[in-house]
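Dear colleague,

I am handing over the structure below, and would be glad if you could look through it alongside my notes. The notes follow the model itself.

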Amino acid sequence: MNIIIIGLGKVGSALAAQLSAEGHAITVVDSDRTAVNKVTNQVDVQGVIGNGVSYATQVKAGIKGADMMIAVTGADEINLLCCLIARKVGKCPTICRVRNPIYHDEVQYLRQELGLSMVINPELATASEIARLLRFPSAIDIDTFARGQIELLRFSLKPDSPLVNQKIRDIASLASCDVLVCIVERGDHVMIPDGTVDLRAGDKISVVMSSLNANKFFEMAHIRNDQVRNTMIIGGGKISFYLARLLMEMNISVKIIEKNPAKCSDLAERLPKATIICGDGTDRALLEEEGLAEAEGFAALTDMDEENVMLSLYADKVSQAKTITKISNVTYDPIISSLNLGSVIYPKDLTTESIVSYVGAIQNTMGTKVDTMYRLVDGKAEALEFIIREESEVTNIPLAQLKTKPNLLLCAIYRNNQAILPRGADTIQLNDRVVIITTNLGLRDINDILA
């Protein structure tokens, strides 16, 4: 696909690299010459220096022959205007990043009136991810497929877990429900396991199951599966605002600590049912006074990664809370991943992943097969959802007879509104949604799974 990306901040630069690596022809646009030169020197993309709102700039970037335009500048209004021009001139699908909460209730109107194909709000997407994790506090990560009917949950095995020393092939019978262990992380080693693998204390495992079976599995594994009852949030930015609204809709009480008085006044007005504390969230005495020790959920969402890391480490030490740590800069990711920070959230990655998945869905209608993609375990594995739109080499053949690549697992089939954890006698059929997990990166067609 010919794709134009306007705006080369963190998200725009990451999108250019990822979409280019997937074989798309990318043209990047930014008025900052340095930003354009940096990306074009690092990635195989074309660059145009200019204002993306300009008709002439978009024409120079090739909007008349583009298959898609993505506007991710730092200003919502500029993004909206870029998409409006692109729709009028190029008549191609457009993706627009809109961050200001004042537009939140107008998204449907904007999509319809401006002809937007997708509106992405990074802060709302981040808040939604955090809310899912607070619904299942034992999970480190949660990814969903088949429109939410299939869940992939990642969690760590504690020494007293009933799963320790069990072979993977025995877990479904122990749980009395369909469940499949798809990934085992043991130290730095990531494996797509077979049924003979024994689980050990400290392993991080990714498990796929239907949403109906989640409670039964967690009960067997002695894993907490009830949502938190209260959450303390440090930082009063957009993510905190969206998160507070989502949590209160789930009947979770919310306390936000923010040191900026103006932000506190705004939050108190817009979130009358939340408790807003004007103070320094790094003040240990204040945290103690506000009940950190009794908190069941804790989200460090300040604008400083270092503060968030230290706050989560402290919360883990003095409470039993499910901790969420927001990280904006991935430079020190290897160090961060070794710390006990609970669930680490990268807003940039969530935004990039959402857009790349949507591009995959658009491409799917043009003949290819990837519909949804998640990068797992710090990018060492991928979860891919395919929609089977045509007969191929993989359809109507028992899975036991398919010769697939090593380190690859077909872990779920969604058919006729039912989630199936497949066995050897099952087959892939037309119109199925099929979920594959693999450490073979770069598979983009269902036929790529074959050896």
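Which residue's side chain meets that of E129 in a salt bridge? The partner is R132, and the N to O distance between the two side chains is 2.5 Å. Please bear in mind throughout that this is a predicted model. Both residues belong to helix 6, and because they are 3 residues apart there, about one helical turn separates E129 from R132. The structure as a whole holds 12 salt bridges.

Helix 6, which spans residues 122-135, also packs against helix 9, residues 238-249, with the two axes coming within 8 Å and crossing at roughly 45°. Helix 6 is therefore oblique to helix 9, and the crossing of the two is right-handed. On the side of helix 6 the contact is made by E123, L124, T126, A127, S128, I130, A131 and L134, while helix 9 contributes K238, I239, Y242, L243, L246 and L247. Sorted by character, the residues of this contact comprise 10 nonpolar, 2 polar and 2 charged.

Next comes the parallel sheet. This open sheet has 6 strands, paired in parallel and arranged in the order 14-13-12-15-16-17. Strand 14 (275-278) and strand 17 (343-345) lie at the edges and have a single partner strand each, so that one side of each is left without a neighbour in the sheet. From one strand to the next, the twist averages 15°. Within the sheet, strand 12 (residues 230-234) is joined to strand 13 (residues 253-258) in the parallel sense by 5 bridges, and I233 has I256 of strand 13 as its bridge partner. Helix 9 packs on this sheet as well, where it touches strand 12, strand 13, strand 15 (297-300) and strand 16 (322-326), and its direction makes about 165° with that of strand 13. Helix 12 (residues 305-318) likewise packs on the sheet, touching strand 12, strand 15 and strand 16, with its direction at about 170° to that of strand 16.

There is also an antiparallel sheet to consider. It is open, with 5 strands in the order 18-19-22-20-21, and its edge strands, each pairing on one side only, are strand 18 (370-376) and strand 21 (418-420). Neighbouring strands of this sheet are turned against each other by 15° on average, with direction ignored. Strand 18 runs antiparallel to strand 19 (residues 381-387), and 6 bridges join the two; in strand 19, F386 is the bridge partner of V370.

With best wishes

Technical notes. Residues numbered from 1 in each chain as written. Predicted model: local features only at pLDDT ≥ 70, side-chain atom pairs only at ≥ 80, totals over all residues. Heavy atoms only, no water. Pairing = 2+ DSSP bridges. Helix = DSSP H or I, 4+ residues; strand = E, 2+ residues; numbered from the N terminus. Axes fitted to C-alpha atoms, helices over the stretch in contact; angles between N-to-C directions. Parallel < 35°, antiparallel > 145°, perpendicular 65-115°, else oblique. Left-handed = near helix turned anticlockwise from the far one by under 90°. Contact = heavy atoms within 4.5 Å. Nonpolar A, V, L, I, M, F, W, Y, C, P; charged D, E, K, R; others polar. Salt bridge = Lys/Arg side-chain N within 4 Å of Asp/Glu carboxyl O.
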